[in-house]
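Grab a pencil and work through these short exercises with the model open beside you. Try each task before you read its solution.

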Amino acid sequence: MSDGKPRLDLLQGTLDLLILRTLRLTPMHGWAISERIQQISGEVLQVNQGSLYPALHRLEHRGWIKAKWGVSELGRRARFYELTASGRKQLEVEKENWAQLTAAIGRVLESA
Amino acid sequence: MTWNDIRLRLRAAIFPARAERDLEDELAAHIEMQARKNRQSGMSEAEARRRALHQFGRTSAIQEACRDERRIGFVDTARRDIQYAFRGLLRAPAFALVVIATIGIGLGFNTAAFTIFNAYVLRPLAVADPYSLYQVHWLSRSGGHFGFSWTQYQNVRTGNPVFSDAFASRGMQVRVNGKQCFTQLVTGNYFRMLGVGAALGRTLTPDDSNAPGREPVAVLSYAAWQNLFGADAAIIGRKVLIRGYPLEVVGVAPAGFNGLGESPLDLWLPLSMYAQVADGANLFDPASAQTLQVIARLKPGVTERRARSLLNVLAPRLATGVPGRTADSSIDLESNATAVRISRQALTTLIPLLAAFAAVLVMACANVANMMLARSIARQREIGIRLSLGAARSRLIRQLLTESLVLALPGALAGFVISQLALSEGVRLVMAALPPELVEFIRIAPLDPDLRVFTFMVAAAVVSGLLFGIAPALQATRGAVVQAARGDFGHQFRPQRLRNALMLVQITACSALLISTGILLRNANRISRQDTGMQVHDVVSVEVQEKSRARVVDLLAAEPLVKTLAASTTLPFDSGFPSARIATRERDLATTSYDYVSPEFFDVLRVPLRSGRNFTHEEALAGAPVAIVSETFARRVWSGAGAIGQTLPLLPDPRSHLSQARPLRLRQARVIGVAGDVKTGFLDDQNSRMLVYFPSQPRAAGTVLLMRVNGDPETARVRIDQELSEAAPGAVDRIHRMESLAAGRAFPFRMAYWVSALLGLLALSLAISGIYGVLSFLVAQRVREIGVRIALGATPFSVVGLVAGQTIRLAGAGLVMGTLVGMGVWKLLSSAMLAVTGFDVIPFAGGAAMVMCGCMAAAIVPSMRASRLDAMSALRHD
């Protein structure tokens, strides 16, 4: 598992944001979500399966995503998640929060 | 918690297997896709798969984390607890059955009581918006309620800011096809205002009561249509004779609607038919008497408080048209949303009754709690092992409570069956116990269980499940881990205080119930045996319609079955006497009852004349200002001496509602005789002791005909009824044997003591079985100790004393407390009913003896068993 690049563990709470963002365009199953996050982040962000699936179930319970059974590329039963209307709203909220948080942290770091 | 969340949780809770399978599939799919990726990057098949599994991490931990997100862990736990409880109880079926039966009996009787309470007090009437309906009364200064005149009703109905509509009514008893019908004469807006349609034909309309005698029509209740006319669909348009007057049936009311009072109604007539069927004064005369009952609907947005204050301002205007009486009266409102309103009086009758029922349930719970305690002690080793393996105490308590609930819910089911049986049997017994001719006069509201009853039952079951489960659960899990693991609980695990408290509660409750039974029984018997001052065995009473009176009197005078014919305005035992105020010399105003009777009255009812003379025929015809007073009257007012020849000054008593129908016509009267006292009251003997008779005769309006008959009175009653209905159809309203009326007087007492006796005996048997169970268990627990005692020379007698002594001490304490409660019951009864008099030691002694014998009997078997233990084998006992 070591191919030279530094891997960062996700901050608490940011996983939800990343999942919502990933699902914005198209429904995906769990493996594809984790692959996509890794890929887009240039293999920097590593999604731990132990937190991915509980997070997916949690978001489903909150009504932000909903699950449907579909057929994977392998022709096998797989669970596809898609963003709901309230999930879309939540994504905007989380993005906003994230922007504020990073800006605040940035200001603190600058001043120091 | 969102709706989505609830949906998902429910799904997971209801189809746990499917949720699990889905989760496994989802994770398996992930691993497979990872394996494919690994393969594509050049790994061998096996290596790719191994790497994928490794990368994924611990599947079971992830599954567990996902399950936690569902947050239905408690359901899983509960499911496992319930399964475990079922397995445990199936291994002890006798225990489970006894517990279910005990709880079932306790719940059953309580549910039955609640069903009755619900039918009368809680269930809103089946009409549109029952909560805005109010009975409107005049409230006199002295606190009496009275009704409205026609003009006043019109004032209430129109042009006021409080009510949107109002109807007026008068109740009546009529016979249709020889059957008693509870009838109400109503204004034409009655059905429209209540939003009640017709099941068949039409209801009454405002047109029906526009003017006196306008439409001779009638509406039947659904039950009357079924019972009196065999559900004949061709009933519409048929004429029925009501008091000899033909009325056309225009409709049948829907099944659920029985009027607004506590007795279901059979028949509705337009109020405008009053003159035809109710022979009386013209109701529509502006100066007519205030005899209409008015029920009004509050306008939307008007609260009861606001309505009251507005009405009291409006009262003088509403009163117009009636001189004097209403001048200083205010208006009172009473909600009419349910058949019976909760009043203070109703509460004083209900609370002791409900408390008695609740006591039986509490006793059943106490019994079961004792049994659970015994069982949990038998399971100490199991509980100890679980505690020492690290089970949380709360988790074990939850397990034990689940077990209680698993027992309580079938108990509720059994209780429901028992309550239905108890109600149907109860109604049957009540009807069978009444004198047959009075059965027609008792109407019982439909006692169907509804949602409120089910809710009550389930809630009571859950509460009792917790009640009998919590204490044993707390006790059983208290053991210290180390000893518990060894199964050694002997020393610190003795829940004796709890057990004693439970036994004490049981003995107190059953002795209080049995003492109350005794009090009621003694008084019922006393009333039945009481010398009423009259002999009514061969007397038949007839109430007739005024317009047929002359004809009926002629017929009866010629009837060979009638020995003597008399008349009285009050039918003794059926209703109370009206009252008047008297002022004699300097004495203050006193109150007396009065009655108008014919000279034959004293002969027919065998009321002796102590001194003076009877009314003459001429005085009777003329209604002369002469009077015969009762002995008590003579003694109280003139100290027994010289009553004859005195003059009585009389004033009407404004508080007496009975004097409206039977008004005081004289302002003074000369006393010509003194008659023996009569006691016809049920709640209040005073009403008939101070009594003044004025002269009247059978042909005078408003009198009941009383006759002493030849031969068997019941045969005579039926014959006379038949002959009169042939010769003068519709003339007779009621015909009774006076003996039945007199017997009906003790009926409420009999009812009360049956209920109380039933509860008392149930309580006693619960206490006996409880004591027996506890002692048997204790003996089994103390086998070794008792064996040691016997080996050291204890006599059988001392062993019996050892085992039974505790019970006897508890029984003594329970009896003392039960007696105190019984004293309270006696105080309450004697304040509510004057018929309950003087302290009577027999019920107390009898109840105490029964309870003591019961406790001894329950204690004797286990203690004998203990005394016969063989010391050697007992010592070897594990």
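Here are four exercises, each with a worked solution.

**Before you start.** This is a predicted model, in which local features need pLDDT of at least 70, side-chain atom pairs count only at pLDDT 80 or more, and totals for chains, interfaces and linings use all residues. Residues are numbered from 1 along each chain as its sequence is written, chains are lettered from A and ligands numbered from 1 in the order in which they are written, and side-chain values use heavy atoms, with hydrogens and water left out.

**Exercise 1.** How many disulfides are there over all chains?

*Solution.*
- Start with the idea: a disulfide is a covalent bond between the sulfur atoms of two cysteines.
- Next, the rule: the two cysteine sulfur atoms must be within 2.5 Å.
- Apply that rule and the count over all chains is zero.
- Now check a candidate: for B:C510, the nearest cysteine sulfur belongs to B:C855 and is 6.4 Å away, so B:C510 is in no disulfide.
- Are these cysteines buried or exposed? Buried means under 20% relative accessible area, exposed over 50%, and partly exposed in between (1.4 Å probe, protein chains only).
- B:C510 has 1%, so it's buried, and B:C855 is buried too, at 4%.

**Exercise 2.** Which residues line the largest cavity?

*Solution.*
- A cavity, on a 1 Å grid over the protein atoms alone, is a set of points where a 1.4 Å probe fits but cannot get out; lining residues have an atom within 4 Å of a point.
- The structure holds four cavities of 30 Å³ or more.
- The largest one has a volume of about 140 Å³.
- Chain A lends A:H57, A:E60, A:H61 and A:R79 to its lining, while chain B lends B:L8, B:R11, B:A12, B:A19, B:D22 and B:R70.
- Two or more lining residues come from each of these elements: α3 (49-62) of chain A, plus α1 and α2 (16-40) of chain B.

**Exercise 3.** Where is B:F573, and what is its phi?

*Solution.*
- Find the loop between β13 (562-568) and β14 (579-582) of chain B; B:F573 sits there.
- Its phi is near 75°, a positive value in a residue other than glycine.
- With a relative accessible area of 11%, B:F573 is buried.

**Exercise 4.** Where is B:R606, and what is its phi?

*Solution.*
- Look in the loop between α20 (601-604) and β16 (609-612) of chain B.
- The phi of B:R606 is near 55°, again positive in a residue other than glycine.
- B:R606 has 36% relative accessibility, so it counts as partly exposed.

Conventions. Helix = DSSP H or I, 4+ residues; strand = E, 2+ residues; numbered from the N terminus. 1 Å grid on protein atoms, 1.4 Å probe; cavity = no way out; pocket = protein on both sides within 12 Å on 5 of 7 lines; lining within 4 Å. Points joined across faces, edges and corners; volume = space filled by probe spheres on them.
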